[in-house]
Amino acid sequence: MTRQATVTIPRSPELTQTFTETGTGPQAAPVWMLTLLWHPDLRRIGEQAVLSPDTPLALNRYQPLFSPLQAAAGWAQPLLHASISRASLTLALGSDGLTLSPEDERVRAEWQGQALTGPRTVPLPAEGDSAVIQLGKRVLLCLHRTHQLPVTDNPLLLGVSSAMEGLRRQVARVAAATLPVLVRGESGTGKERVAQSLHRLSPWSHGPWVTVNMATLSEGLAPAELFGATRGAYTGAQASRTGLWAQADGGSLFLDEIGDCPAAVQPMLLRVIESGEFRPLGATQPLRSRARLIAATDRPLETSGFNLPLLRRLQTFTLHTPSLRSRREDLGVLARQAWLDTGATPDDLAEMPTELARALCLHDWPGNVRQLEQAMRRLALDHAAGLWPSVEALLGEPLRLPPDPAPPRPTAMA
């Protein structure tokens with residue numbers, strides 16, 4: 001089975017001057033996918049296999065075949081891990097949900113952290129949700145829907161989910177636009193990485209990358225910080241000051257936490273976005289900047305008293321970063337990269353106890369990718385000291401299991 005033959009990737013809608021995209025990909029009939037969240041061979045994390053609605057899928061040591069990201073057509077391999085039985089856990093999609101049937105007592109498997117001791121029918125995860133299946137002692141899989149295959153690459157925007165594939169495509173399309181971009185999403189979802197990707201893929205990539213957290217600017221100093229000031233323009237201005245807009249000329253200016261921008265500054269931002277001109281405090285003549293503006297927020301600007309004309313200009317292009325719980329299939333890929341970023345070796349991570357790997361895969365991650373990265377740094381630090389932490393110490397909070405949508409329904413053994 002080749003993945004290209006299984007899913008047809010629809011064409012993306014045409015870019016218009018003003019639009020909003022959600023990052024979930026083009027509208028298309030989704031397919032069910034199994035993604036490897038955890039495997040002792042860390043290179044295999046992120047591999048995928050399609051679950052057909054018409055044919056039950058037998059999961060065992062030698063089938064089905066899982067394909068890695070951007071594999072050559074026809075290249076795939078089974079799970080192969082010795083802890084997985086040759087006997088099968090059969091997955092069958094039906095009108096009443098998903099039926100999981102262990103072939104016999106040799107099959108060791110869990111659904112959402114609960115052992116499967118016999119056949120069980122469970123509701124399928126809703127759109128944006130997923131479920132975790134453990135097979136054998138060391139392999140964890142994510143069952144989820146997908147709308148498009150992960151065929152693009154961006155080192156700042158990792159993931160095999162259709163949400164991240166859609167976001168990577170949007171970033172690539174929008175990067176060269178001269179108009180502002182607003183990046184929206186929950187805290188910790190990687191909005192700054194989206195902004196950095198826009199800069200690196202844009203014609204301004206050789207220019208400066210200037211960033212400021214708007215929440216750190218006071219009402220009184222924000223105009224001078226953003227637009228500069230001449231000597232003597234205000235008390236304490238003993239020398240002229242170059243503002244962030246001027247510093248970013250020919251490059252990109254990233255305004256993080258734009259929802260915390262002081263109210264008095266918002267009309268000034270609107271002016272410079274519309275004309276490219278700004279006037280430093282105390283100056284008699286305006287200056288111009290060719291900086292490309294990118295802003296980000298996790299706040300509902302429409303209802304927070306934010307300057308609505310400014311919001312309309314900022315959201316000419318709007319990109320949304322998905323929460324980690326809505327793309328659980330990316331968790332293994334992100335955890336592996338976060339571990340490697342600490343300088344620790346892959347072999348050490350491969351030895352991680354199963355209960356920790358299971359907790360990483362099942363946790364609800366309210367702090368999103370930032371919280372996961374912090375957990376992996378904590379894990380690497382503890383392991384360097386010769387120990388593996390407890391689950392609660394690793395997560396920084398009690399394990400938050402996703403709710404089981406309905407109690408199990410017994411199914412007669414075929």
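Which residue in strand 5 is the bridge partner of Ala58? The bridge partner is Thr90. The model is predicted. The points below cover a six-stranded open sheet, the strands around strand 5, the cysteines, an aromatic pair and two separate nonpolar cores.

**Strands 4, 5 and 6**

- Strand 4 (residues 57-59) and strand 5 (residues 89-94) run antiparallel and are joined by 3 bridges, with Ala58 paired to Thr90.
- On its other pairing, strand 5 is joined to strand 6 (residues 97-102) by 6 bridges, again antiparallel.
- Leu93 stands opposite Leu98 of strand 6, and a hairpin through 2 residues connects strand 5 to strand 6.
- The two faces of strand 5 differ in cover: Leu89, Leu91 and Leu93 make up the covered face, while Thr90, Ala92 and Gly94 make up the uncovered one.
- Thr90, the partner of Ala58, therefore belongs to the uncovered face, and Leu93, which faces Leu98, belongs to the covered face.

**The open sheet**

- An open sheet is formed by 6 strands in the order 3-2-11-10-7-8, with antiparallel pairing.
- Strand 3 (48-51) and strand 8 (114-115) are the edge strands; each has a single partner strand, so one side of each lacks a neighbour in the sheet.
- Within this sheet, strand 7 (residues 109-111) and strand 10 (residues 130-135) are joined by 3 bridges and run antiparallel.
- Glu110 stands opposite Gln134 of strand 10.
- Helix 10 (residues 354-362) packs on the sheet, where it touches strand 2 (31-38), strand 7, strand 10 and strand 11 (139-146).
- The direction of helix 10 makes about 165 degrees with that of strand 10.

**Cysteines**

- The structure holds 0 disulfides.
- For Cys361, the nearest cysteine sulfur is that of Cys142, 8.4 Å away, and Cys361 is in no disulfide.
- Cys361 counts as buried, at 2% relative accessibility.
- Cys261 is buried too, with a relative accessible area of 5%.

**Aromatic pairs**

- The whole structure contains 2 aromatic pairs.
- One of them is Trp209 with Phe254, a stacked pair with 5.8 Å from centre to centre and 15 degrees between the planes.
- Trp209 lies in strand 13 (residues 209-213) and Phe254 in strand 14 (residues 252-256), so the pair links parts of the chain 45 residues apart.
- Trp209 is partly exposed, with a relative accessible area of 27%, whereas Phe254 is buried at 0%.

**Nonpolar cores**

- In soluble globular proteins, nonpolar side chains tend to be buried together.
- The largest nonpolar core here has 32 residues, and Trp38, Leu372 and Met376 have the most contacts inside it.
- Two or more residues of this core come from each of strand 2, strand 11, helix 8 (331-341), helix 9 (346-350), helix 10, helix 11 (368-384) and helix 12 (391-395).
- Beyond its neighbours within four places in sequence, Met376 is in contact with Ala335, Ala338, Trp339, Leu349 and Leu360.
- A second, separate core has 29 residues, among them Val210, Leu253, Ala295 and Leu310.

Technical notes
Residues numbered from 1 in each chain as written. Predicted model: local features only at pLDDT ≥ 70, side-chain atom pairs only at ≥ 80, totals over all residues. Heavy atoms only, no water. Pairing = 2+ DSSP bridges. Helix = DSSP H or I, 4+ residues; strand = E, 2+ residues; numbered from the N terminus. Contact = heavy atoms within 4.5 Å. Axes fitted to C-alpha atoms, helices over the stretch in contact; angles between N-to-C directions. Disulfide = S-S within 2.5 Å. Buried < 20%, exposed > 50% of the residue type's maximum accessible area, 1.4 Å probe, protein only. Phe/Tyr/Trp six-rings, centres within 6.5 Å; stacked < 30°, edge-to-face > 60°. Core = buried A, V, L, I, M, F, W, Y, C linked by side-chain atoms within 4.5 Å.
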